[in-house]
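Here is a briefing on one protein model. It covers contacts, cores and one acidic residue.

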Amino acid sequence: MIGADDVATFFDPDEFGVEVTIAEPGLEPRPVSGMWGEPGKPESLRRLNTNGAGGLRVGPGSSALQLFNSDAPANRREAKLTVDGVEYSIADHKPLGRLRTLFVLVPYGDRNARQGQTDGRWLPPRS
């Protein structure tokens, strides 16, 4: 059975991984290893919908990051993740088996804002 030691190689920043700093309220920031991207699935290689969409879960302006469950922030709503000097908030997460969790990250700030939205409204004001 594949264990955490086997998967840890992929999270190594010298291989495929990245160093992530997790800052949670009331705790010291801590470095952990992560890996960009959602695991590929055979069905993701072909179009699933007739409208041309590929069934992507991560939209524009967001990124997918995998972390070990043991490294995941306890307070996901208020955690700030910093990767390569860029700060992110967690918009969503889903388990990836028993070892990892996939986090959908958006630029740090309002997790509910849509792409390009700065004032809390979805549609631009009428002229």
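Among contacts (heavy atoms within 4.5 Å) between residues at least 6 apart in sequence, 58% join residues at least 24 apart. The model is predicted: local features need pLDDT of at least 70, side-chain atom pairs count only at pLDDT 80 or more, and totals for chains, interfaces and linings use all residues. Residues are numbered from 1 along each chain as its sequence is written, and side-chain values use heavy atoms, without hydrogens and water.

**Fold**
- The protein has 1 helix and 6 strands, as DSSP runs numbered from the N terminus (helices H or I, at least four residues; strands E, at least two).
- Their order along the sequence is α-β-β-β-β-β-β.
- Of 127 residues, 27% are buried (under 20% relative accessible area, 1.4 Å probe, protein chains only).

**Cores**
- The largest nonpolar core (buried Ala, Val, Leu, Ile, Met, Phe, Trp, Tyr and Cys residues joined through side-chain atoms within 4.5 Å) has 14 residues.
- Strands E1 (18-23), E3 (63-68), E4 (80-83), E5 (86-96) and E6 (100-107) each supply at least two residues of this core.
- E1 gives the largest share, 3 residues.
- Another core, of 5 residues, lies apart from it and includes Phe-11 and Met-35.
- Phe-103 is among the residues with the most contacts inside the largest core.
- Beyond four places in sequence, Phe-103 contacts residues including Leu-65, Leu-67 and Ile-90.

**Glu-24**
- Glu-24 sits in the loop between E1 and strand E2 (30-36).
- Glu-24 counts as buried because its relative accessibility is 8%.
- A polar atom of the Glu-24 side chain lies 2.9 Å from the backbone nitrogen of Asn-75.
- Leaving out residues up to four places away in sequence, Glu-24 touches Arg-30, Pro-73, Ala-74, Asn-75 and Ala-79.

Definitions and conventions: Buried means under 20% relative accessible area, exposed over 50%, partly exposed in between (1.4 Å probe, protein chains only). A polar contact is a pair of N or O atoms within 3.5 Å; within protein, one must be able to donate a hydrogen and the other to accept it, and residues adjacent in sequence count only if both atoms are side-chain atoms.
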